[in-house]
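User: I am new to reading structures. Can we go through this one step by step?

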Amino acid sequence: MIEVENTIKEVIYRKVQEIYKGDVGDIKLEEPPSLKLGDYSTNISFRLARILKRPPKVIAEELVEKLKSESIPYVVDIRAVNGYINFFLDYNSYAKLGIDRIIKEGENFGRGRDRDKKIILEHTSANPNGPLHIGHGRNAIIGDSLKRILEFIGYDVETHYYVNDMGRQEAVVVFGLEKFEIDRDKKPDHAMGEIYIKTNKLLEENPQLEEEIGRIMREYERALENREDSPIVERFQWAVNYALEGIKETLNNMNIQHDTFVWESNYVRNGMVRDVIKRLMETGNVIEEDNVYKLDLSDFGIEKKLVLTRGDGTTLYSTRDIAYHLDKMARCDRGVDVLGADHKLTVQILNAALKLLNSKTPEVIFYEFISLPEGSMSTRRGRFITLDEVLKEAERRAIGEVERRGVAREEEIEEIARKIALGAIRYNIVRVSPEKPMVFKWEEALDFEKVGCPVIQYAHARCCRILEHAREMKVEDRELFNYEMTDQEKILVKTLLKFPKILEISGESLKPHILANYMLDVAHKFNSFYGNCPILKEKDNSILHSRLKIVEATKIVIENGLRLLGIECPGKM
RNA sequence: GGGCCCGUGGCCUAGCCUGGAUACGGCACCGGCCUUCUAAGCCGGGGGUCGGGGGUUCAAAUCCCCCCGGGUCCGCCA
């Protein structure tokens with residue numbers, strides 16, 4: 001618990017001041033590798049050793065003597081070990097307070113105070129020219145998990161899906177729709193993907209058609225600038241909305257919903273792109289080169305120059321992106337984008353331009369690609385694995401597993417399997433640190449046997465079952481934790497109470513994988529407790545009652561934690 | 001060619017920002033545990049030059065430099 005940690009830190013700081021008045025920086029509280037070494041420790045003696053020119057061990061012993069004269073709440077013992085100063089908690093009172101708090105706060109355990117800060121979080125933003133593949137999935141899963149975490153710790157979060165409707169790829173689709181008939185029987189995004197792939201093939205074989213694409217793009221942009229409701233606008237809108245319909249369905253199946261869909265074309269229509277270009281022209285960093293105006297960003301250490309408009313006067317993605325971000329950053333306290341690592345240079349340029357326009361810049365989470373064992377994915381070549389097929393295959397396998405275990409009624413199986421399948425997919429992606437490249441392998445993504453989320457959901461199911469049985473037993477209320485607790489109990493209680501701090505770190509550092517890894521930790525600690533400490537079979541009523549409270553608290557933490565990862569708990573499996 | 005990212009036991013992965021106690025887990029492997037709360041589990045065991053080499057430090061997976069391998073970016077594409 002954060003209060004206990006802060007108190008310990010304060011006391012250490014005071015005592016250190018007694019032997020050394022200078023600045024020693026923040027006191028860092030660490031966790032010893034084993035319970036036998038205590039619950040918290042500090043390495044302050046090592047840092048003081050140099051300054052005071054005395055061995056760390058001696059300093060540690062001296063500090064321990066001083067610390068022992070203080071009475072620190074929930075701390076029963078302080079020892080000097082190898083230069084470290086180790087603190088031992090009084091688990092009887094610590095567990096009583098902590099478990100009681102978790103149960104009292106329930107689904108709000110871990111929730112932060114309202115920060116009165118608005119965050120706009122943009123994620124997924126896949127081009128509406130085909131179905132989402134697992135690469136988009138990494139983006140969406142990281143983004144959605146983060147949205148849930150940030151909201152829970154007290155931010156007002158609005159999610160954006162930035163719809164790229166003005167790119168070449170969308171013009172290809174619009175062109176393709178007049179050449180090929182769309183398959184109305186297929187899911188819309190898949191049908192649109194087919195059109196896109198076929199049209200690209202057609203263009204490859206007939207390069208002279210390329211001019212058509214350019215013409216369509218110019219026509220669309222002209223219509224937007226003139227705010228016409230011409231047929232070309234309708235064609236683009238139809239195509240984009242049609243694909244988006246399918247994309248939204250997929251996202252919905254993954255428990256992901258966006259608050260706002262922002263269309264790129266909106267910024268051409270409302271004149272903001274023209275305005276941005278005009279303002280950038282006035283910065284004095286513009287040069288003319290190859291008959292086109294470019295923004296020189298060498299002041300920002302960027303070699304690449306930003307082309308402001310094409311030779312034919314039409315706008316480019318980058319300037320429209322600047323307009324979007326300018327608008328977005330003005331509407332929030334913090335802007336967060338989830339983007340593929342291939343956008344790193346783009347973002348540098350974007351941020352430089354935003355600074356020139358005196359705007360805040362977004363914080364960006366970059367994630368590396370998910371590739372296939374046979375190489376990288378390609379939307380254009382149709383070489384990718386869609387989220388839809390992963391979802392479907394995961395459910396198929398999960399149904400088999402649930403049936404095999406035989407704990408669910410026939411009519412429950414599908415629903416349970418769906419939760420397990422989605423959990424496995426979301427978890428296996430979110431648990432990996434985003435800067436690590438991933439290789440998609442079916443066996444790994446959908447391994448229900450041991451790895452990942454099923455273990456967490458299973459621990460939760462065990463909690464549910466135990467509590468169910470306990471209700472039938474009518475256990476008397478007794479004073480909690482008035483016995484010598486086992487190591488497994490202590491470790492579990494301590495782990496559960498870390499939840500709020502984990503959320504804070506995970507949210508503030510924009511790293512949902514920290515929460516994901518913690519959840520597995522909770523499950524392991526619970527399983528160890530479950531395997532070593534009798535609960536319902538415990539004869540001592542006081543211990544039985546206390547252990548049930550630990551189970552209840554575990555159930556709450558798992559539910560809250562998985563919910564923030566967009567994963568549901570089946571309750572039985 | 002230059003910039004950025006990754007490289008942790010056979011495989012996957014945490015820790016790296018903010019340097020410290022035997023490098024967290026999982027898979028696979030070996031040995032125990034289901035007349036006992038769901039064995040998707042528990043207990044124990046073997047397995048590591050933290051890509052390589054220098055450096056800084058009392059102390060380096062962690063900080064600095066060089067190198068190797070992989071990815072990615074360097075469009076009047078998005």
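User: In what order do the three strands of the open sheet lie?

Analyst: This is a predicted model. In it, three strands build an open sheet, and their pairing is antiparallel. The order is β7-β8-β9.

User: Which strands stand at the edges of that sheet, and why is one side of each left without a neighbour?

Analyst: An edge strand here has a single partner strand, so one of its sides has no neighbour in the sheet. That holds for residues 286-289 and for residues 306-307. The edge strands are β7 and β9.

User: How many bridges join β8 to β9?

Analyst: β8 covers residues 292-295 and runs antiparallel to β9. Leucine 295 stands opposite leucine 306. Lysine 294 has valine 307 as its bridge partner. The number of bridges is two.

User: What is the bridge partner of glutamate 288 in β8?

Analyst: β7 and β8 pair in the antiparallel sense, over four bridges. Glutamate 288 finds its partner in β8. That partner is tyrosine 293.

User: Which residue in the hairpin of β7 and β8 takes a positive phi?

Analyst: The hairpin has two residues between its strands. The phi in question is near 50 degrees. The residue is aspartate 290.

User: Now the RNA. Which helix gives the largest share of the surface near RNA strand B?

Analyst: In total, 76 residues surround RNA strand B. The closest are Ser41, Phe46, Gly167, Ala461 and Gly531. Several elements supply at least two residues each, including α2 (44-52), β3 (84-89), α17 (453-473) and α20 (512-532). The largest share is nine residues, and it comes from α20.

User: How many residues of that surface near RNA strand B are charged?

Analyst: The surface residues divide into three classes. There are 34 nonpolar residues and 23 polar ones. The charged residues number 19.

User: How much of the region annotated "DALR anticodon binding" is helix?

Analyst: UniProt, in an unreviewed entry, places this domain at residues 456-573. Over that stretch the strand content is 0%, and the end C-alpha atoms are 11 Å apart. The helix content is 69%.

User: And how far apart are the end C-alpha atoms of the 'HIGH' region?

Analyst: The unreviewed UniProt entry lists this short sequence motif at residues 126-136. The chain there is 27% helix and 0% strand. Its end C-alpha atoms are 7 Å apart.

Methods: Residues are numbered from 1 along each chain as its sequence is written. Chains are lettered from A and ligands numbered from 1 in the order in which they are written. This is a predicted model: local features need pLDDT of at least 70, side-chain atom pairs count only at pLDDT 80 or more; totals for chains, interfaces and linings use all residues. UniProt positions are given in the numbering used here, feature names are shortened, and annotations may be inferred rather than shown by experiment. A residue is near a molecule or strand if its C-beta atom, placed from the backbone, lies within 6 Å of it. Ala, Val, Leu, Ile, Met, Phe, Trp, Tyr, Cys and Pro count as nonpolar, Asp, Glu, Lys and Arg as charged, and the others, Gly among them, as polar. Two strands pair if DSSP finds at least two bridges between them.
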